[in-house]
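Here are a few exercises to help you find your way around a protein you haven't met before. Try each task with the viewer open, then read the worked solution.

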Amino acid sequence: MRIRPRAGLGRILDDLGTTVLDVAASPGDLDAEVTGVHIYDPLDELIVPEGAMVLAVGVQGAADVCALLARVPHAAGVVVKLPVDVDERVRAAVLETGVAVLGLTRAASWAQVAALVRSLLAEGDLAEPGEGAHGDLFALANAVCALLDAPVTIEDRSSRVLAFSGRQEEADQGRVETVLGRQVPERYLRLLDEQGAFKRLYQSREPVYIELHDGSVIDRVAVAVRAGDEILGSIWAAVHEPLTPQRQRALADAAKVVALRLLHERAGADTQRRLRADLLSTVLAGGADAAEAAGRLGIATARLCVLAAELTGPPGDTARTSWHASDRASDRASDRLSDHLADYAADHARSESERQRFCDALALHVAAIHPKAAAALAGSVAYAVLPLTPGGGEEERAVRVAESFLARVGPRHAANVGVGRLALNLAQVARSRADADRALRVLRTRGAGGQVAGYTAVHFESLLLQVADVAAAEEQAPTGPYQRLLEHDAEHGTELAATLGAYLDAFGDVNLAAARVHVHPNTFRYRLKRLTEIGGLDLSDPDARLTVQLQMRIFGRQH
């Protein structure tokens, strides 16, 4: 098998086109090998591997560009937001270092360009120019663009952009937004849906011409990409008029080639995910094989924090299985059972797909922080191992990374993230993973959503949950005053335990506690007197208060 060479800077620029990036200053040939993407942060130590494309966030002016070029002499290129201030000093620095300066359109975010470049570098699937239309999806998109003489996107079933051709600037603002965001904007999806475009597209095996009747966009021609009866995605071309019969046939034939490529990539991606998941699981578990697995992931010598992320959608098991009791008595139970099982299987597949997309988003986000970061799905939890540069406050920095991740995915994925303590070596990674799991459990127990917890911030809550686990495993039960109050409540229908909990929560403020349980302060005082008598509890004794509070936390406030 021939090993395909890595992407050159010139090839990436050809694929992205001037819609996204343009050359501001070049040392000559743009044949430098691109090995990854590095986001420049002036507050962090600048460690840029050879061949990295450096995204110069916040860098403006010729002096700043020159200073950055001097610090990254082995980079493949430096990307600066347009307009780029290029003067003789910048040109001289570019020639001296051999590092190209590229201009990024102001309409694009840094996260977008990072995602675009990483998608081009992913899996080593970039073909060199001239390798042919079977190389990768971007090469296919460019080939279809040449056949149709129109800019093209290849999209999945959710209208996410998998690849795009050059010449996108010849289309319209909607197409530019689609390419930059790697997703068709919601307003254009509504427009297409209202006109029945998707229904026509997925019902036809031939290209479909779509008149958008919108002055801000030009028309489209699209064809579904199929593998048998399964729809894998679609190809979209921005056109001013219907295609000729010859070009329609070319587009239909191209859809078959794209289908083969998508099936190949899906199989390869599944294999790669399983491999990374296995390697990451080995690292997180520790043991004899952890060092080799960490070496294959490229994180063997790093200082690491483990992140544990979990979706927090509403549980659906009860609704999906509620047929069991009611339908068994029905004559149509077997039919309903079959229907419910089919629904359950479909829901399960959707849930698995959603968790995998969530994990992919986490992997992309942490990779933007450090090129050696790794993420994989283990059950319902997505774990990420994040290398961190020395400098103190590593856990706090990891928490900020997790918070920024939730802020980005929040509209699409409701989730919590637990962050473990810093692991100074591989032997401590398993501990950091356990920390992250415990922090995540605290958030789950709280019923939280969209929150991040570092382990040190929730340490005591986590310890109480662990003590509760031990008590449950040993079948222990409340004792002393708390036990007597619970027994009295159960026998007489009173709420003395709840009264005590409200009193302790209010730090002994009777008026506040009475308001919280919605009774008159005098009634509350009477109940308080009764519970001290029945339970034999001295509320003036701090040790007695602590003991009963801990029992309430460990055994729960039973009513």
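**Exercise 1. A hairpin and its enclosed strand**

Task: Find the turn that links S12 and S13, then work out whether S13 is enclosed or open.

Solution. Keep in mind that you're looking at a predicted model.

- Step 1: Start at the turn. S12 and S13 make a hairpin with two residues between them, and in that turn Gly379 shows a positive phi of about 70°.
- Step 2: Check the pairing on the hairpin side. Strand S12 (residues 374–378) runs antiparallel to S13, and five bridges join the two. Opposite Val381 of S13 you'll find Ala378.
- Step 3: Now look for another partner. Strand S11 (residues 304–311) is also antiparallel to S13, joined to it by seven bridges. Here Glu310 stands opposite Val381.
- Step 4: Look at the two faces of S13. Val381, Tyr383, Val385 and Pro387 are buried on one side, while Ala382, Ala384 and Leu386 are buried on the other.
- Step 5: Put that together. Seven of the seven residues of S13 (residues 381–387) are buried, so the rest of the structure largely encloses this strand.

**Exercise 2. A five-stranded sheet**

Task: Trace the open sheet of five strands and say which strands stand at its edges.

Solution.

- Step 1: Walk across the sheet. The order is S7-S6-S10-S9-S8, and the pairing is antiparallel.
- Step 2: Find the ends of that row. Strand S7 (161–164) and S8 each have a single partner strand, so each has one side left without a neighbour in the sheet.
- Step 3: Check the twist, which averages 25° from one strand to the next.
- Step 4: Zoom in on one pair. Strand S9 (residues 219–227) pairs with S10 over nine bridges, in the antiparallel sense. Arg220 has Ala238 in S10 as its bridge partner.
- Step 5: See what lies on the sheet. H5 packs there and touches strand S6 (152–156), S7 and S10, with its direction at about 135° to that of S6.

**Exercise 3. Into the core**

Task: Which residues have the most contacts inside the largest nonpolar core, and which helix gives the most to it?

Solution.

- Step 1: The largest nonpolar core has 52 residues, and Met53 and Ile235 have the most contacts inside it.
- Step 2: Helix H5 (residues 137–148) is the biggest giver, with seven residues in this core.
- Step 3: Click on Ile235 and look beyond its neighbours within four places in sequence. The residues in contact with Ile235 include Val144, Val152, Ile154, Val223, Leu251 and Val258.
- Step 4: Don't stop there. Another core, of 26 residues, lies apart from the largest one, and Ala375, Ala415, Val417 and Leu422 are among its members.

**Exercise 4. A helix with two sides**

Task: Sort the residues of H7 into a buried side and the face turned away from it.

Solution.

- Step 1: In helix H7 (residues 186–194), the buried residues are Tyr188, Leu189, Leu191 and Leu192.
- Step 2: These cover an arc of only 160° around the axis, so they sit on the same side of H7. The general pattern helps here: an α-helix has 3.6 residues a turn, so residues three or four places apart point the same way.
- Step 3: Turn the helix around. The face away from the buried side carries exposed Glu186, Asp193 and Glu194.
- Step 4: See what the buried residues of H7 pack against: helix H6 (173–181), helix H8 (197–203), strand S8 (208–210) and strand S10 (230–239).

**Exercise 5. Unusual backbone spots**

Task: Where do Asp149 and His518 lie, and what is the peptide bond from Leu82 to Pro83 like?

Solution.

- Step 1: Asp149 is in the loop between H5 and S6. Asp149 isn't a glycine, yet has a positive phi of about 60°. Asp149 counts as partly exposed, at 45% relative accessibility.
- Step 2: His518 is in the loop between helix H19 (510–516) and helix H20 (521–535). The phi of His518 is near 60°, and His518 is exposed, with a relative accessible area of 72%.
- Step 3: The bond from Leu82 to Pro83 is cis, with omega near -5°. Pro83 lies in the loop between strand S4 (77–81) and helix H3 (88–97).

Technical notes. Residues are numbered from 1 along each chain as its sequence is written. This is a predicted model: local features need pLDDT of at least 70, side-chain atom pairs count only at pLDDT 80 or more; totals for chains, interfaces and linings use all residues. Side-chain values use heavy atoms; hydrogens and water are left out. A nonpolar core is a set of buried Ala, Val, Leu, Ile, Met, Phe, Trp, Tyr and Cys residues joined through side-chain atoms within 4.5 Å. Buried means under 20% relative accessible area, exposed over 50%, partly exposed in between (1.4 Å probe, protein chains only). Helices (H or I, at least four residues) and strands (E, at least two) are DSSP runs, numbered from the N terminus. Contact means heavy atoms within 4.5 Å. The arc is that of the directions from the helix axis to the C-beta atoms. Two strands pair if DSSP finds at least two bridges between them. Axes are lines fitted to C-alpha atoms, for helices over the stretch in contact, and angles run from 0 to 180 degrees between N-to-C directions.
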